[in-house]
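Let's take a walk through this structure together, one strand at a time. Have the sequence and the 3D view at hand as you read.

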Amino acid sequence: MHEFSLCEGIIDTVTTQARQQGFSRVRRVWLEIGELANVELDALRFAFEIVRQDTAAAAAELDIITLPGRAHCLDCGQSVAVSQHFDPCPVCGSYQWRLLSGTELRIKELEVD
Amino acid sequence: MCVTCGCGVDEAGIHDHSHSHEHGPSHVHGPGIAPHSHAPSGRLIAIEQDILAKNAGFAAENRQLFALRGVFALNLVSSPGSGKTTLLGKTVQALGDEFPVAVIGGDQQTAHDAERIRAAGAPAVQINTGKGCHLDAHGVGHALDQLPLPEGGILFIENVGNLVCPADFDLGEAHKVVVLSVTEGEDKPLKYANMFAAADLMLLNKIDLLPYVDFDVAQCLDYARRVNPALQILQLSARTGEGMTIWLDWLRQGQQTALAQQAVRLEAELAAVRARLRTAG
């Protein structure tokens with residue numbers, strides 16, 4: 001349940017931004033989460049509902065944008081789509097690939113009043 | 001999933017929008033739920049910040065401290081019961097006379113592990129995470145205040161026994177070392193792929209028990225390398241000592257590398273000071 005810690009990080013950023021940018025209420029939080037990120041989205045949503053209480057984001061909705069996994073295959077040299085750490089290369093079947101993106105855990109944008 | 005009402009608009013979770021904030025037209029749900037639009041009406045503020053940015057900041061501070069003082073820091077992760085504390089006890093006994101060694105242990109409750117490490121001859125401090133499921137870089141920074149920093153030696157950070165959550169939290173370590181024991185399933189590298197992908201070294205522990213358990217070593221190593229082709233793997237038994245020599249040599253090499261990097265940095269610093277001396281003279 002490190003999703004609670006992640007939500008504390010989100011609320012921390014929201015609170016700092018509220019102070020710096022002068023807003024009091026967040027309507028929506030957009031997150032970008034990579035397909036291979038170590039996070040359970042249902043747990044993240046559940047944790048967010050608890051951690052957001054008594055903050056500027058108390059009524060904020062969470063909008064999660066999933067970013068696809070991309071890898072460079074060391075055997076066939078192709079740039080390929082992967083969705084699990086143990087996926088074979090979809091072109092040549094090799095497991096020898098290096099992940100290029102897909103583990104993002106990012107706060108992209110806020111919609112505020 | 002649509003967060004307005006929890007419906008499965010994008011069941012796969014993939015929202016492939018370039019984000020002009022036209023969240024598509026209003027859509028109709030089943031009976032009883034009004035159609036609604038996701039077009040925003042408030043002010044939009046771009047953030048583009050990592051959720052773990054705060055932890056990353058503390059981890060960078062820890063890492064800088066380790067670099068300044070020539071500390072080779074390792075983050076040991078595993079399931080509960082893999083034998084981390086026994087392994088650390090034996091490791092501390094073997095290396096304690098060669099260079100400074102210290103241990104930070106994370107557990108939800110009790111100081112038992114720290115007591116075992118101190119009994120083995122190294123300074124140790126226990127972080128009780130309470131309900132927390134992982135150590136974070138901030139907590140490790142505070143633990144360092146209560147511990148003599150093993151300058152020129154090795155700091156072992158024994159994480160909470162958990163193969164999920166600690167994968168995400170950088171503590172400032174040089175490497176994550178994942179410990180797996182042969183009393184567990186050989187498919188753990190697939191089941192907990194994020195952790196095995198995050199680690200640089202895997203220790204397969206309790207190999208003295210192989211005759212008594214149905215554990216397919218070759219299959220396990222194959223799974224681990226599928227998840228992380230660059231993963232180094234050592235097999236050992238902390239209890240009997242089998243395979244410990246290679247682990248200890250791996251540690252000595254890391255400690256020497258950390259020292260060599262410290263020497264390079266100090267030489268550069270010294271050269272800069274001498275250059276200023278000449279300029280002043």
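In this predicted model, strand β6 of chain B, residues 175-181, runs parallel to strand β7 of chain B, residues 201-205, and five bridges join the two. If you would like a spot to look for in this pairing, try B:Ser181, whose bridge partner in β7(B) is B:Asn205.

Now turn to β2(B), which also runs parallel to β6(B) and is joined to it by five bridges. Here B:Leu76 has B:Val177 of β6(B) as its bridge partner. β2(B) pairs with β5(B) as well, again in the parallel sense and over five bridges, and in β5(B) the bridge partner of B:Leu76 is B:Glu158.

Is β2(B) enclosed or open to its surroundings? Seven of the seven residues of this strand (72-78) are buried, so the rest of the structure largely encloses β2(B). B:Phe72, B:Leu74, B:Leu76 and B:Ser78 point one way from the strand, B:Ala73, B:Asn75 and B:Val77 point the other way, and all are buried.

Step back and you can see where these pairings belong: seven strands of chain B form an open sheet with parallel pairing, in the order β4-β3-β5-β2-β6-β7-β8. Its edge strands are β4 (124-128) and β8 (232-235) of chain B, each of which pairs on one side only. On average, neighbouring strands of the sheet are turned by 20 degrees against each other, direction ignored.

Finally, have a look at two helices. Helix α3 of chain B (112-120) lies across β3, β4 and β5 of that chain, at about 175 degrees to β4(B). Helix α4 of chain B (137-145) also lies across β3, β4 and β5, running at about 145 degrees to β4(B).

Definitions and conventions. Residues are numbered from 1 along each chain as its sequence is written. Chains are lettered from A and ligands numbered from 1 in the order in which they are written. This is a predicted model: local features need pLDDT of at least 70, side-chain atom pairs count only at pLDDT 80 or more; totals for chains, interfaces and linings use all residues. Two strands pair if DSSP finds at least two bridges between them. Helices (H or I, at least four residues) and strands (E, at least two) are DSSP runs, numbered from the N terminus. Axes are lines fitted to C-alpha atoms, for helices over the stretch in contact, and angles run from 0 to 180 degrees between N-to-C directions. Two residues are in contact if their C-beta atoms, placed from the backbone, lie within 7 Å. A residue is buried if 20 or more other C-beta atoms lie within 10 Å of its own, exposed if 12 or fewer, and partly exposed in between; C-beta atoms are placed from the backbone.
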